[in-house]
Amino acid sequence: MSAYLQHVPDDRQKVCDTCGHSFKPKGFNRHQRACEQRARESEEDAELWASIPPAQDRSERDSENVPEHTSVDDIRTEYHPHARIATRIQAFSDFTRQHHYEPPRPDRQPWLPFRCQLDFEVAELAHETALTHEQTTRLIRLVQRGRTEDFSLKNYADVRNIWEAASHRLTPFEKDTITVPLDGNDMEYTVYFRSLWDWGVDLLRHPDIGPHCVFDAQRLSKFDGDSFIRFIDEPWTADAFWECQSQIPPEAKPLAFILYADKSKLSSFGREKGYPVIARLANLPVAIRNGNGVGGGRVVGWLPLVKDDPKHKGTQKFANFKVAVWHAAFKKVLASIIPPSKHGQWANCWDDVVRLFYTLVLILSADYEEQSVMSLTRGVMSNFPCPICLIPEDKLSSVMPHDYTLRTCQATNDLLIKARAERRKGQREAILKGQSIRDVDNAFHEMDPNTTDVHRALCYDRLHIVLRGLFGDHMWPELQILIGFLGRDFAAKVDKNFDALPRWRNMNHFDAVMAITFTDGSKYEDIFKLIVFAAHDLLPNTDECKIAYLLLRCIRAYLEVDLYAALEVHTTETIAAGRKALQYFSELMNKYICKSEALRPDKNWSFPKIHLAAHLFDDIEAKGATRNYNTKPNEKCHGPLKESYQHRTNFKNVAPQILRADHWSLVSEFIRGRVDELAAYNARMDEDEVDTDANIASNFHIRFGSRQPKKSLEAIEEQHIDNPSFRRFRTKLNTFLNALPNVSQQVNMLPSDEIIEFRFLKVNYESLVDFRQTTDYLRCSPRFHNLPRYDCVIVNTATGVFFARLLFLFTCNVNDTSYPIALIRPYDAPTGRRLQKDKHLKFWRVRSQPRETTSEFILAESIIRGVALAPDPTIAGDFLVMDTVDSDIFLRMKQMHLAAGHLD
């Protein structure tokens, strides 16, 4: 346990016979009496709770036992029986998962062991910028010359010594050696690791992190007016956490870890590599767990890399040896949480309450290669490549239906025992090949098998399975090849269409994509979301393009599966819809594989990453939303490690140097959080792009920004004299204002009356995905980053819901009331009979009115949210709703398709 958490025992301390903890003599008797009382109550409660049957599975709609006075959107929270908390129903506005607690009184000297705050801030700056020893000393001398407050640092050696002293406030790294035999020789490797238990307790003890921990499984449901519909997001709202809590004593709490491991290229050309292990605490909310602060992901291990030996390279023996080294090293990482997984361990938390925790590895976040190592499976070339189930290699291309036996750690152990009982090597190998298992001891099998099963802990990883897997490595190159068969003009037109797509916040804009053969996951994701809108006009369902058109349909179907996979919150309905979308994709993909065989005979679609989608929605039901186990946040942790290699090492024996820098960074974050927590929080969370005028008329839903000088109505009409949408601007504005229900007096705005133009609109709305406030940042500007930008919106007025383009934003005063108004071009013309292409590619088509002068005024408050509309090059004036840019618009368009009868 770290020095920050551990009291140093002395001869005067007494040991409690009940809990085994040491205490000072003062207050010992009181603690002992209370501890004995808690033990007696625990024994009684254990008998009581053992007699309670498991809670009813409410995975489907629950229309029974709905209490009176239940309102739409009310939230029901059902706690695990061990929590001893009654089920509660709350109004949505009152629902919160945050613990209400009194913030602790801050330390008077939070910068200790630095002698003063300025000492810490100078050392912090030197560390963050990776100054050399000489540069740090020069910085100190400059501060000494111009200081106006206390400053005591002398040189780099002084800074280093204080960092080393501060390092003991949090769990440090340890170093150990493992020995693994190879051909009768004991091969030694060095492994670095933190105590996982002590690191977890660091978080439990942290006064700002600990209160956010959730220790009891929950089942959450939202009332839709008829029944409660269960929803899942965080790990503790899913099934695996509930089942694990059922396996431990009633008085205990699960302490669940998320572990990630992957090799990282430290040098520019990849000659120097590292193998970090990163941990996150599943009991923390995702905003903290996937964040960058002390409660986020942390390097807890550094595994050895086995160099290829020409003597053994390519042999089964050497492959098994490398896996054996991995598990021997990983066992060191797990060592501190293995005993608590079986017998529990007490920990004193932030609130000075001692709790009994049982540890478990709930989630393993990894690419397929690491999943194979973790599960002891033999990889992509084996007979049974899936680390989760026993699907044969030749059946991988057909995703659904899926009814193959799931692997379990117990079955794997039994297989290893059976194989090792065989004296003949050939027979032993035949048994292991029957399930493609390696003859290696699995480190995860040391954990309590009732709560940690490596095969169940492995998860669907969107980054590597989709973006760098089936789409990035297979479907996208396949489409490039098929478009290439059609000629250069087709490829050039795809690039042109990409450039014509509207820009959208947090999405890459491409002027060309057909030459892209390798890029990062975020760019692949955006190409994936946009390609259907850029290529549909080039690939009609005709003989020449029939195969490419079918592939485009497969991409759209797979994109729908991925959009369901990316939802931050899942309901039973979205999971059912996701499974249906997966079935549809599987059928389309099978059809494409069959029909493209003659054109692409060398293309093999039977590989693990196409099959792993079969486990996607089982993972969501078991462990929550995919962002809980996506490798993307973990791969971001590689960046600081690479920087440390480049700037904080001498390029020799780099592991201890990198890990020392990583630990100093953790300690620096810890101290900085306590010195200036509020300022640091505001800096991290401030996403507001535009300064807005405090005097602008606004409400919670909408807010104007980018204010322009006042102009008269006459000047506005003169400025836009060539724009048909602004004809009769003043006349139409008077008509609009007089039609407003709260305008009682006749309005007649004169040409000299002034209005204020704005070029930025912020729209707050409740997301259909997670029921929380989401914000769109929209532009209505003739010059934004040197280009005109007029975003589109969804509008809800008395005439119904429709799509429109912003043309002009302004406020005008009527009877001392300021009205925020938007001039829009509505896209509400009839689109006629639905095209076959629109049915196949799930397009929602909108059309502008034929007259160029068609424009109208609306109150800005009637805007629901922003939307991106892609022009359809085949029909002038038609646009396609880009329902792939975010999860909320995807679900909204699904509702509109359903209401229009487009969906089954």
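**Exercise 1. Find the residue of strand 13 that stands opposite Phe193, and place the pair in its sheet.**

Solution.
- Step 1. In this predicted model, Phe193 faces Gly301 of strand 13.
- Step 2. Strand 6 (residues 185-194) and strand 13 (residues 298-302) are joined by two bridges and run antiparallel.
- Step 3. Both strands belong to an open sheet of seven strands, in the order 5-6-13-12-9-15-14, with mixed pairing.
- Step 4. The edges are strand 5 (173-182) and strand 14 (345-348); each has a single partner strand, so one side of each lacks a neighbour in the sheet.
- Step 5. On average, neighbouring strands of this sheet are turned by 35 degrees against each other, direction ignored.
- Step 6. Helix 22 (residues 638-648) packs on the sheet and touches strand 9 (253-261), strand 12 (276-281) and strand 13. The direction of helix 22 makes about 140 degrees with that of strand 12.

**Exercise 2. Check the span of helix 8 against the expected value, and list the buried residues of helix 8.**

Solution.
- Step 1. Helix 8 covers residues 316-334, which is 19 residues.
- Step 2. The expected span is 1.5 Å times one less than the number of residues. For helix 8 this comes to 27 Å.
- Step 3. The end C-alpha atoms of helix 8 are 27 Å apart, in agreement with the expected span.
- Step 4. The buried residues are Phe318, Asn320, Phe321, Val323, Ala324, Val325, Trp326, His327, Ala329, Phe330, Val333 and Leu334.

**Exercise 3. Repeat the span check for helix 23, and state how many residues of helix 23 are buried.**

Solution.
- Step 1. Helix 23 (residues 654-675) has 22 residues, and 32 Å is expected at 1.5 Å a residue.
- Step 2. From first C-alpha to last, helix 23 reaches 31 Å, close to the expected value.
- Step 3. Of the 22 residues, 16 are buried, and helix 23 is mostly covered.

**Exercise 4. Describe the surroundings of Thr137 and of Gln371.**

Solution.
- Step 1. Thr137 is in helix 3 (residues 133-146). Its relative accessibility is 14%, so Thr137 counts as buried; the cut-off is under 20%.
- Step 2. With neighbours within four places in sequence left aside, Thr137 contacts Asn155 and Tyr156. The Thr137 side chain reaches the backbone nitrogen of Tyr156 at 3.3 Å.
- Step 3. Gln371 is in helix 10 (residues 368-375), and its 2% relative accessibility makes it buried.
- Step 4. With neighbours within four places in sequence again left aside, Gln371 contacts Ala366, Thr377, Pro387, Leu458 and Cys459.
- Step 5. One of these, Ala366, has its backbone oxygen 3.1 Å from a polar atom of the Gln371 side chain.
- Step 6. Another, Leu458, is 87 residues from Gln371 along the chain, yet their C-alpha atoms are separated by 6.8 Å.

**Exercise 5. Trace the pairing of strand 23 with strand 22 and with strand 25.**

Solution.
- Step 1. Strand 22 (residues 800-814) runs antiparallel to strand 23, and eleven bridges join them. Arg805 stands opposite Arg825 of strand 23.
- Step 2. The two strands form a hairpin with two residues between them, and Asn815 in the turn has a positive phi of about 55 degrees.
- Step 3. Strand 23 also runs antiparallel to strand 25 (residues 856-859), with four bridges. Leu823 has Phe857 of strand 25 as its bridge partner.
- Step 4. Eight of the eleven residues of strand 23 (residues 817-827) are buried, so strand 23 is largely enclosed by the rest of the structure.

**Exercise 6. Describe how helix 16 packs against helix 17.**

Solution.
- Step 1. Two packed helices are described by the angle between their axes and the distance between the axes.
- Step 2. For helix 16 (residues 521-535) and helix 17 (residues 546-565), the angle is about 145 degrees and the axes are 10 Å apart.
- Step 3. The crossing is left-handed. Residues making the contact include Phe528, Ile531 and Val532 of helix 16, and Leu552, Ile555 and Leu559 of helix 17.

**Exercise 7. Examine the backbone at Pro113, Asp73 and Phe771.**

Solution.
- Step 1. Most residues other than glycine have a negative phi, and most peptide bonds are trans.
- Step 2. The Leu112 to Pro113 peptide bond is cis, with omega near 10 degrees. Pro113 is in the loop between strand 4 (88-90) and helix 2 (117-128).
- Step 3. Asp73, not a glycine, has a positive phi of about 80 degrees. Its relative accessibility of 27% makes Asp73 partly exposed.
- Step 4. Phe771, not a glycine either, has a positive phi of about 65 degrees. At 13% relative accessibility Phe771 counts as buried.

Key:
Residues are numbered from 1 along each chain as its sequence is written. This is a predicted model: local features need pLDDT of at least 70, side-chain atom pairs count only at pLDDT 80 or more; totals for chains, interfaces and linings use all residues. Side-chain values use heavy atoms; hydrogens and water are left out. Buried means under 20% relative accessible area, exposed over 50%, partly exposed in between (1.4 Å probe, protein chains only). Two strands pair if DSSP finds at least two bridges between them. Axes are lines fitted to C-alpha atoms, for helices over the stretch in contact, and angles run from 0 to 180 degrees between N-to-C directions. Contact means heavy atoms within 4.5 Å. A polar contact is a pair of N or O atoms within 3.5 Å; within protein, one must be able to donate a hydrogen and the other to accept it, and residues adjacent in sequence count only if both atoms are side-chain atoms. A crossing is left-handed if the near helix is turned anticlockwise from the far one by less than a right angle, and right-handed if clockwise.
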